[in-house]
Amino acid sequence: MALFDSHEFQELIRAHAAVKAIGADPFGVTMERVVSPTEAIVEGRPTILVGTNNYLGLTFEPSCVAAAADALETQGTGTTGSRIANGSYGGHAGLEEALARFYGRRSAMVFTTGYQANLGIISTIAGAKDYLIIDADSHASIYDACKMTSATVIRFKHNDPADLDKRLQRLAGTAGNKIIVVEGIYSMLGDQAPLAEMAAIKRKHGAYLVVDEAHSMGVLGDNGRGLAEVAGVEADVDFVVGTFSKSLGAIGGFCVSDHPDFDILRIRCRPYMFTASLPPSIVASVTAALAVIERRPELRTRLWANINTLYDGLKRHGLLLGPQKGPVVAVHLPSPEMAVAAWQALLQSGVYVNLALPPATPNGASLLRCSVCAAHSRHQLERVIETITEVAYQIGALSEPARAAG
Ligand SMILES: Cc1ncc(COP(=O)(O)O)c(C=O)c1O
């Protein structure tokens, strides 16, 4: 059989062709020109960006851009290798110190992406005799990390502390470490882990707790440290993993911990050791962005005002949304076909959201996944609400009375 003749590939090729036949390819959009954190030119049209994870709008923040430009000018375009082979730049260590300080932790480790941070931390801390107990709706990077280990992987029902407790109970008396992995805010539906309850279960069973704060860093907590800060359980979290690609507006990932031997991971963790380190320009912009998060809590206030505007506005019009308010606002549509049609119509109307389809979504949901930005203007959000409502009505996903009720 030729390489791409397998049933899986042929099915994928067929499904992708069917989506593309409706119009633009939702998985291949080109931003011809990005004008600001909330606007780009797409297919020649000015388009409002509501699908970027750019929660605090820092991608054009002058202090970040200036820091990146200076580092580019003075240190060059890239490190051309991993930190254990080529050495660290001063900026890598400086960023790690800044992250450790921000989280009030002993140590921090920076990775080249958030994906690699999860791959690296989860796959390295779990030994062959250990147990990884992960939420069923975990991000692909957590699932992929599990594939890299010889540990036993156990899934518990999404956001269900009783199920987590039950599964840990079954392991009572077994020798290996029990490592629970959850996310602060789940990337598809935007719901938060019941972290206080989970931390209590972790304590009860003497387990370890890893929290991926990818979507909650900069968004939740008085200081922007994420869900653990809001839930008041930071002391129970053994490893916080996160990304620089959302609130911090760049690329990269990190893990912070108080574990005294944490730094040994630098010579054990393959996704850290065997890939090139972040370029100095990115390190500089992320360091500047972290300072902005600390200095300007009003960005978080503005983000939450915008979250309320978008979530309440869409709900008022009768759209079915994710269960909890947050920077990810997921609009449910009845079928993948309707979601594709709605996504296309939105793009043609100058609104860019993410299309999320099964099997990448929980419970086979078909979603228009919106992400809110502190830099969205009231006018932009009103246009987004109006356009999504109109499109949902046009494709038959929203009835006239519900639409009129808005
Ligand atoms: C929960 C979660 N963890 C990790 C990642 C990976 O982050 P990155 O895109 O920075 O590699 C993502 C990306 O969307 C995510 O949603």
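Colleague: How many cavities of 30 Å³ or more does a search of the whole structure find?

Modeller: Keep in mind that this is a predicted model. The search runs over the whole structure and counts cavities of 30 Å³ or more. The count comes to 2.

Colleague: What volume does the largest cavity have?

Modeller: Let's start with its walls. Among the residues lining the largest cavity are Arg83, His92, Phe111 and Tyr272. Strand β4 (107-111) and helix α10 (270-273) each supply at least two residues of that lining. The space they help enclose has a volume of about 70 Å³.

Colleague: Which class gives the most residues to the lining of the largest cavity: nonpolar, polar or charged?

Modeller: Val110, Pro271 and Leu278 are among the lining residues, and those three count as nonpolar. The full lining has 4 polar residues and 1 charged residue, next to 6 nonpolar ones. So the class you're after, going by how residues are sorted and by those counts, is nonpolar.

Colleague: And the second largest cavity, how many charged residues are in its lining?

Modeller: That cavity holds about 40 Å³ of space. Its lining includes Arg105, Glu213, Arg225, Glu229 and Glu234, and Arg and Glu both belong to the charged class. The rest of the split is 3 nonpolar and no polar residues. That leaves the charged count at 5.

Colleague: Where does the ligand sit?

Modeller: Look around the ligand and you'll find 14 residues surrounding it, with Asp212, His215, Thr243, Ser245 and Lys246 the closest. By class, that shell has 2 nonpolar, 9 polar and 3 charged residues. As for the place itself, the ligand sits in the largest pocket.

Colleague: Which helix gives the most to the shell around the ligand?

Modeller: The top contributor brings 3 residues to the shell. It spans residues 114-125, and Gly114, within that span, has a polar backbone atom 3.1 Å from an oxygen atom of the ligand. The helix is α5.

Colleague: How much of the ligand's accessible area does the protein cover?

Modeller: Side chains make some of the contacts here. A polar side-chain atom of Ser245 lies 2.8 Å from a ligand oxygen, and a polar side-chain atom of Lys246 also lies 2.8 Å from an oxygen atom of the ligand. On its own, the ligand has 390 Å² of accessible area, and the share that the protein covers is 84%.

Conventions
Residues are numbered from 1 along each chain as its sequence is written. This is a predicted model: local features need pLDDT of at least 70, side-chain atom pairs count only at pLDDT 80 or more; totals for chains, interfaces and linings use all residues. Side-chain values use heavy atoms; hydrogens and water are left out. A residue is near a molecule or strand if one of its heavy atoms lies within 4 Å of it. A polar contact is a pair of N or O atoms within 3.5 Å; within protein, one must be able to donate a hydrogen and the other to accept it, and residues adjacent in sequence count only if both atoms are side-chain atoms. Accessible areas come from the Shrake-Rupley method with a 1.4 Å probe; for residues, only the protein chains shown count as cover. On a 1 Å grid over the protein atoms alone, a cavity is a set of points where a 1.4 Å probe fits but cannot get out, and a pocket is an open set with protein on both sides within 12 Å along at least five of seven lines; lining residues have an atom within 4 Å of a point. A molecule sits in a cavity or pocket if more than half of its atoms lie within 2 Å of its grid points. Helices (H or I, at least four residues) and strands (E, at least two) are DSSP runs, numbered from the N terminus. Grid points are joined across faces, edges and corners, and a volume is the space filled by probe spheres set on the points.
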